[in-house]
Amino acid sequence: LVYVWNTLRFDLGSSIIYFPQSVTVSIVNALPWTIGLLLVATVIAFSAGSVIGAMLAWSGTPRAARLLAPLLMIFSSIPYYLLALILLYLFAVWPNWFPLGGGYASGTALGWDLRTMLTLAYHAVLPALSIVLAGLGFWALGMRGAMINVLGEDYLMLAEGEGLSKRRIFLAYGMRNALLPLTTGLGLSTLATLSGSVAIELVFNRPGIGKLLISAISERDYAVIQGGVVVFAMFVVLINLLMDLQEKLGLSYLFIAHDLAVVRAIAHRVAVLYAASTSLAPEQHPFQVLRSTILSRPGTIAAVVIIVVLCLIGLLAPWLAPYDPLKQSMIKINRMPSWENWLGTDQFGRDVLSRMIYGSRNSLIFGLISPVCAALVGTTLGVIAGYFGGWVDRIISRVVDLLLAFPELLLAIMIAAVL
């Protein structure tokens, strides 16, 4: 009870690492770095991804621009930390265009002057770019799917028949209405981005709440860990509250075109005439639709082939790996790629290619088991909450909110530290 009362007064105790500094002061000093980076990166990724996704679905977009879709799919499938490592090598290690890490140059006196702002922005380019590239594909593909659904609506046909410009149809009737489902997913995406910020701050050695918690976990500073979890939980509650207010107050309807009521009335007549003048195609079996979709799209065929090849590599790892992935050799430490070791060796002289082949098998196993278990447990809890309602629904919802308060990487590090 004393700890709860102190927490309500934001008195989280003293830090062990930074004693006698209080936990509240440590979190307050680290929080602006995380919020500033996430806010800017999320806004850029959401805005740019929505525009790109809408253009990919629009019929007037040049064919060459549609080649961005496979590239965006690749970016959306790469984790934050891996993109961060790639960007570090491409723009910081090799050409030395950007700093390797840190939030500002050593010896810089922080203030509100223009020079300090430029320094902070210069050090935040690569971390923000990692988050933007990882989220850009997610928002673009989501907006593309929503835009495709909107393009089939009758009010777009009516707007085109009324002679409105393509630009107005695209912005006011297409894109604005397609943004509706994306605004709901913005809250959940923000939580995922907050989880990814832990890895970003670790890779770039950047000050922030993620780096603070990782240091606290490694040093067993439980006061800071508890304070950080409280802050993450507050973010979860705040985001859920904003999403609920959006639904209760009807804020989503601000995105809908202002003359949608008139459009609906006239579009009903257009739909009746269109249905009377066309013959409906016979329904196809879902497997027939899936087969025709895969065979008609070369990109889908290539994706299926890649997935099958990766699965075969994982299954046939003992026969494909040229060396034992655990065998160490002191005379082969940190070798460059060669004919003997195609991808080189690590700091213990182990063959990198063999370790990647065996590692793909473990990744496939965990990648299949984890989503299946999560889907079964989550679906069961959702069905129970929806069926019984009342206090059962509230308890399950609060437990889920508590789980969302723990970033994935941070939770993994905590489990590894405890066990």
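Mentor: Welcome! One term first: contact means heavy atoms within 4.5 Å. Keep in mind that this is a predicted model.

Trainee: Leaving aside neighbours within four places in sequence, which residues is Ile27 in contact with?

Mentor: Start from the largest nonpolar core, which has 58 residues. Ile27 is among the members that touch the most others there, along with residues including Ile131 and Met143. Once its neighbours within four places in sequence are set aside, the contacts of Ile27 are Leu12, Ile209, Leu212, Gly227, Gly228 and Val231.

Trainee: Which residues does the second, separate core include?

Mentor: Helices such as H2 (23-57) and H5 (114-151) give two or more residues to the largest core. Apart from that core there is a second one of five residues. Its members include Leu56, Leu72, Leu136 and Ala140.

Trainee: Why do the buried residues of H6 line one face of the helix?

Mentor: The buried residues in H6 are Tyr155, Leu156, Leu158 and Ala159. The face turned away from them carries the exposed residues Glu160 and Gly161. Looking down the axis of H6, the buried residues line one face because they fall within an arc of 160°.

Trainee: Is Leu90 buried, partly exposed or exposed?

Mentor: Leu90 sits in helix H4, residues 80-93. Together with residues including Tyr81, Leu82 and Trp94, Leu90 makes a nonpolar surface patch of about 970 Å². Buried means under 20% relative accessible area and exposed means over 50%. Leu90 has 39%, so the label is partly exposed.

Trainee: Which residues do shared salt-bridge partners join into one network?

Mentor: In general, side chains of opposite charge can pair when their charged atoms come close. Arg355 pairs with Asp346, with the closest N and O atoms 3.9 Å apart. Glu340 forms a salt bridge with Lys332, at 3.0 Å between the closest N and O atoms, and another with Arg335, at 3.3 Å. Salt bridges with shared partners thus make one network of Lys332, Arg335 and Glu340.

Trainee: Is Lys332 buried, partly exposed or exposed?

Mentor: Its partner Glu340 is partly exposed, at 40% relative accessibility. The cut-off for buried is under 20%. Lys332 has 17% relative accessibility, so Lys332 counts as buried.

Trainee: How far apart in space are Gly382 and Asp393, C-alpha to C-alpha?

Mentor: Gly382 belongs to helix H14, residues 352-388, and is partly exposed at 42%. Along the sequence, Gly382 and Asp393 are eleven residues apart. In space, their C-alpha to C-alpha distance is 8.5 Å.

Methods
Residues are numbered from 1 along each chain as its sequence is written. This is a predicted model: local features need pLDDT of at least 70, side-chain atom pairs count only at pLDDT 80 or more; totals for chains, interfaces and linings use all residues. Side-chain values use heavy atoms; hydrogens and water are left out. Patches are made of residues with over 30% relative accessible area and no salt bridge: like charges are joined within 9 Å, nonpolar side chains (Val, Leu, Ile, Met, Phe, Trp, Tyr) within 5 Å. Accessible areas come from the Shrake-Rupley method with a 1.4 Å probe; for residues, only the protein chains shown count as cover. A salt bridge is a side-chain nitrogen of Lys or Arg within 4 Å of a carboxyl oxygen of Asp or Glu. Helices (H or I, at least four residues) and strands (E, at least two) are DSSP runs, numbered from the N terminus. Buried means under 20% relative accessible area, exposed over 50%, partly exposed in between (1.4 Å probe, protein chains only). A nonpolar core is a set of buried Ala, Val, Leu, Ile, Met, Phe, Trp, Tyr and Cys residues joined through side-chain atoms within 4.5 Å. The arc is that of the directions from the helix axis to the C-beta atoms.
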